[in-house]
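Biologist: Before we discuss any packing, could you put the chain in front of us, so that we can go through it together?

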Amino acid sequence: MAPKFTKRPVEVTKRLGKGSMLSLDGAELLLPSNLQHNNKQLTLVRSWSAIVAGVVSGMMGLEGLSGVLAFVLANFLMSFLVFFFALGGDPKKYFYKPRDLFVGQFMSGLQSFVLSWTIAYDYLYCF
């Protein structure tokens, strides 16, 4: 099931729904509950992509810096896919800082990657 990022600006006259931005006299306000939801969805996507990249790197037998490079490439590939397909190329509507899409929760993804990488590598090449 694909994660759903909260989107679409809403007008002041309408009830606040799932939009992450509120337009008020030309100024845009970000809704904290929607930002929190979007960050949770990004964490979920980043964790799963790190696990998949770790298993693939372990199965390929990558060691050392080549494995870390695989994580960085997988991380940026996932970020660009989310940027273009899920967010429509405009992260300002969904996140407080657009750079959070590319570098946010980097360390938690790294931990998931290293764990799955070592388990897959050890299972295939050590045991």
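**Confidence, cores and rings**

Modeller: pLDDT, the predictor's confidence in each residue from 0 to 100, stays under 50 over residues 8-18, and the model has 18 contacts (heavy atoms within 4.5 Å) beyond four places in sequence for them. Where pLDDT is low, the predicted coordinates should not be read in detail. This is a predicted model, in which local features need pLDDT of at least 70, side-chain atom pairs count only at pLDDT 80 or more, and totals for chains, interfaces and linings use all residues. Residues are numbered from 1 along each chain as its sequence is written, and side-chain values use heavy atoms, with hydrogens and water left out.

Biologist: Which helix gives the largest share of the largest nonpolar core?

Modeller: A nonpolar core is a set of buried Ala, Val, Leu, Ile, Met, Phe, Trp, Tyr and Cys residues joined through side-chain atoms within 4.5 Å, buried being under 20% relative accessible area with a 1.4 Å probe, protein chains only. The largest has ten residues, among them Leu42, Met78 and Phe102. Helices (DSSP runs of H or I, at least four residues, numbered from the N terminus) H1 (32-60), H2 (65-86) and H3 (100-103) each give two or more residues to this core. The largest share, three residues, comes from H2.

Biologist: What is the angle between the planes of phenylalanine 83 and phenylalanine 102?

Modeller: Both residues are buried, and they link helix H2 with helix H3, 19 residues apart. Rings of Phe, Tyr and Trp (its six-membered ring) pair if their centres lie within 6.5 Å, with planes under 30 degrees apart counted as stacked, over 60 as edge-to-face and the rest as tilted. This pair is tilted, at 6.0 Å centre to centre, and the angle between the planes is 45°.

Methods. Buried < 20%, exposed > 50% of the residue type's maximum accessible area, 1.4 Å probe, protein only.
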